[in-house]
Amino acid sequence: MNTNNKGNIGVILVLAGAILTFLIIWNLSSHAVGHYSEGERTGLVNKLSKKGLFCKTYEGYMLVGNGQNIQPEQFYFTVKNKEVADKINAKIGTTATLVYDQKYFVSACWGDTAYEIIDIK
C-alpha cells in the first residue's frame, strides 16, 4: 500500500471521529438545554405507539378543541417514560390532560416531536 494512501485514511478517520463527536455533543447538549416551555393540553387521546430503531420512544396524538363547530387540532407528542406511557394507553379513547415540556431542539433520538409528555391528569 502506498504511504500516501495511509495518510489519507488517517485524515479521513480523524475527520469522521471529529464529526461523530460533534454530533454526539450537539445531540446531548440540545436535549439538556433545549427546554422552551411547559404546559398542559386537554383532549381526546387517539393514538400511542412505541417507535424507534435505536432510541425507543412512545409517539402519539390527541384531538384538542372538540367543541361545537370547531375543527379539532391534532396535538402530536412524545413520551419517554414507560409508566407515563402506560397511563396514557389506559386513557386512549377518552379525554385526558397531558402535562408537557416543550423542547427547543428536536432530535431523532429524543422523540419525533418537541412536546415531551411528563405526566397525565
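**Entry 1: surface patch**

I looked first at I19, F22 and L23, which form a nonpolar patch on the surface with about 320 Å² of accessible area together. For the patch I took residues with over 30% relative accessible area and no salt bridge, joining like charges within 9 Å and nonpolar side chains (Val, Leu, Ile, Met, Phe, Trp, Tyr) within 5 Å. Areas are from the Shrake-Rupley method with a 1.4 Å probe, and for residues only the protein chains shown count as cover.

This is a predicted model, where local features need pLDDT of at least 70, side-chain atom pairs count only at pLDDT 80 or more, and totals for chains, interfaces and linings use all residues. Residues are numbered from 1 along each chain as its sequence is written, and side-chain values use heavy atoms, with hydrogens and water left out.

I placed I19 in helix α1, residues 3–33. Helices (H or I, at least four residues) and strands (E, at least two) are DSSP runs numbered from the N terminus. I19 counts as exposed because its relative accessibility is 51%; the classes are buried under 20% relative accessible area, exposed over 50%, and partly exposed in between (1.4 Å probe, protein chains only).

**Entry 2: salt bridges**

How many salt bridges are there by the rule? I noted 6, a salt bridge being a side-chain nitrogen of Lys or Arg within 4 Å of a carboxyl oxygen of Asp or Glu.

I checked R41 and E73, a salt bridge with the closest N and O atoms 3.5 Å apart. R41 is in strand β1 (residues 35–51) and E73 in strand β3 (residues 73–79), so the pair ties together parts 32 residues apart in sequence. R41 is partly exposed at 21% relative accessible area, and E73 is partly exposed at 43%.

Next I took K51 and D112, another salt bridge, with 3.0 Å between the closest N and O atoms. This pair links distant parts of the chain, 61 residues apart: K51 is in strand β1, and D112 is in the loop between β4 (95–103) and β5 (115–120). I recorded K51 as partly exposed, with a relative accessible area of 39%, and D112 as partly exposed, with 47%.

**Entry 3: helix α2 and a network**

Which side chain does K82 meet in a salt bridge? I found D86, at 3.1 Å from N to O. K82 and D86 are 4 residues apart in helix α2 (residues 82–90), so about one helical turn separates them. K82 counts as partly exposed at 45% relative accessibility, and D86 is partly exposed at 39% relative accessible area.

Last, I noted that K80, K103 and E116 are joined into one network by salt bridges that share partners.
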